[in-house]
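Here is a short guide for a reader meeting this structure for the first time. Look over the chain, then follow the text from the domains to the finer details.

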Amino acid sequence: QCGTVLAGLVGRGISRSRTPAMHMAEARAQGLAGEYRLLDTDMPGWRGMDLAAILSAAEAGGFDGLNVTYPFKVEIVALLDALSDNAAAVGAVNTVVLRGGRRVGHNTDLWGFAEGFRRGLPDACRAHVLLVGAGGAGAAVAHALADCGVARLSIHDSEGARAAALADRLRQTRPGLVAAAVDDIAALFAADRPDGLVNATPMGMAALPGMAVPADLLDPALWVADIVYVPLETALLRAARARGCRVLDGSGMAVFQAVRAFELFTGRPADPARMRATFETF
Ligand code: NAD
């Protein structure tokens, strides 16, 4: 691989993303002449451009790759030449490698959550987990949980059809996992308490305060993970910690998705501690 890297993030309203800083600091530390640009469809220059045109412009501009975020992770799939197994399983792409005229899609959110989980909750019981939120991130988390050895996954979403569709998908993509949609979280806890839960809804973000799981269901035997990372300490994690649960915040997924994307863009290993240190400067 050469001594330069040119990458970027495609999305809407991404001006405060921490991903560019993580990539640029890592490139600098490795002696690469690196540039990581924001391709923000809310900003002049990119506004009004469709995704196909943005991708072509990046290719023509010599980009090594792109990260892709809201609202393009599913739309981009149709514009690519090939998908990694993870991206094909989830049906969404957050990283595109542009090389030799080919566009290959990856899903590093999946590995990012899995790596954060393995490191942050290494001995968490994996028998039965509740996933709340079956959107794009929830689909990546569900596959990651299967890859981390979770045996049974209950999935709840306020849009019940999304939970059911994700459970159906997992039966194809991760047949070793027992996956089922649940409508009523309290009834699940009463009948068949999970060992852990993961919040993959936007509830708990600064703009959406609150929590998607009633606090009175939390007890010390339960581990609780949240993928929201602005703020890192969500209302759910605060309540869980107060009740004595082991908790995992959203920083691991955010850092490790960038670690793997850097490796895909450059062909070089990234230093997770260094990328985390940059993440934590925000
Ligand atoms: P999305 O809109 O695709 O999906 C969110 C899902 O949550 C939807 O299906 C929605 O119906 C459901 N939902 C919302 N409120 C709910 C509630 N109270 N109870 C049950 N279900 C509810 O969003 P997404 O792309 O999947 O992202 C979700 C959140 O994950 C984002 O807001 C972001 O904070 C976080 N995220 C974190 C990382 C990370 O690296 N840590 C990466 C991606 C996303």
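Two residues are taken to be in contact if their C-beta atoms, placed from the backbone, lie within 7 Å. With that in mind, start at helix α8 (residues 235-242), which lies across β10, β11 (223-226) and β12. α8 runs at about 160° to β11. Bear in mind throughout that this is a predicted model.

**Two domains**

The protein is divided into two parts. Domain 1 covers 4-106 + 255-279, and domain 2 covers 110-249. Their centres, taken over C-alpha atoms, are separated by 26 Å. Ten residues from domain 1 and ten residues from domain 2 make the contact. On the side of domain 1 that touches domain 2, α3 (85-90) and α9 (251-266) each supply at least two residues. That side of domain 1 holds five nonpolar, three polar and two charged residues.

**The mixed sheet**

One open sheet has six strands in the order β2-β1-β3-β5-β6-β4. Its pairing is mixed. The edge strands are β2 (33-40) and β4 (82-83), and each pairs on one side only. Within this sheet, β5 (residues 95-99) and β6 (residues 102-106) run antiparallel and are joined by five bridges. L98 stands opposite R103 in β6.

Helices lie over these strands. Helix α1 (residues 19-29) lies across β1 (4-11), β2 and β3 (65-68). α9 lies across β1, β3, β5 and β6.

A UniProt annotation, from an unreviewed entry, covers residues 9-96 and reads "domain: Shikimate dehydrogenase substrate binding N-terminal". Over residues 9-96 the chain is 31% helix and 22% strand. The end C-alpha atoms of that stretch are 10 Å apart.

**The parallel sheet**

A second order of strands is β9-β8-β7-β10-β11-β12. These six strands form an open sheet, and the pairing is parallel. Why is one side of β9 and of β12 left without a neighbour in the sheet? β9 (178-181) and β12 (246-248) stand at the edges, each with a single partner strand, so one side of each stays free of a neighbour. On average, neighbouring strands of this sheet are turned by 20° against each other, direction ignored.

Strand β7 (residues 128-132) pairs with strand β10 (residues 196-199) in the parallel sense, over four bridges. L130 has L197 in β10 as its bridge partner. α5 (136-147) lies across β7, β8 (152-156) and β10.

The table gathers the angle of each helix to one strand.

| Helix | Strand | Angle |
|---|---|---|
| α1 | β2 | about 170° |
| α5 | β7 | about 170° |
| α8 | β11 | about 160° |
| α9 | β5 | about 10° |

**Around the ligand**

Which residues come nearest to the ligand? Of the 27 residues around the ligand, they are G133, G135, A137, P202 and G250. Two elements, α5 and α9, give two or more residues to this shell. By class, the shell has 14 nonpolar, nine polar and four charged residues.

UniProt, again in an unreviewed entry, lists D85, G133, A134, G135, G136, A137, I227 and G250 under "binding site". These positions spread over 166 residues of sequence. They are spread in space too, up to 23.8 Å between C-alpha atoms. G133, one of the residues that come nearest to the ligand, lies in the loop between β7 and α5.

**Two cis peptide bonds**

Most peptide bonds are trans. Where, then, are the cis bonds described here? A cis peptide bond joins Y70 and P71, with omega about 0°. P71 is found in the loop between β3 and β4. The peptide bond from V230 to P231 is also cis, with omega near 5°. P231 is found in the loop between β11 and α8. That loop leads back to α8, the helix lying across β10, β11 and β12.

Key: Residues are numbered from 1 along each chain as its sequence is written. This is a predicted model: local features need pLDDT of at least 70, side-chain atom pairs count only at pLDDT 80 or more; totals for chains, interfaces and linings use all residues. Domain bounds come from an automatic or database domain assignment. Ala, Val, Leu, Ile, Met, Phe, Trp, Tyr, Cys and Pro count as nonpolar, Asp, Glu, Lys and Arg as charged, and the others, Gly among them, as polar. A residue is near a molecule or strand if its C-beta atom, placed from the backbone, lies within 6 Å of it. Two strands pair if DSSP finds at least two bridges between them. Axes are lines fitted to C-alpha atoms, for helices over the stretch in contact, and angles run from 0 to 180 degrees between N-to-C directions. UniProt positions are given in the numbering used here, feature names are shortened, and annotations may be inferred rather than shown by experiment.
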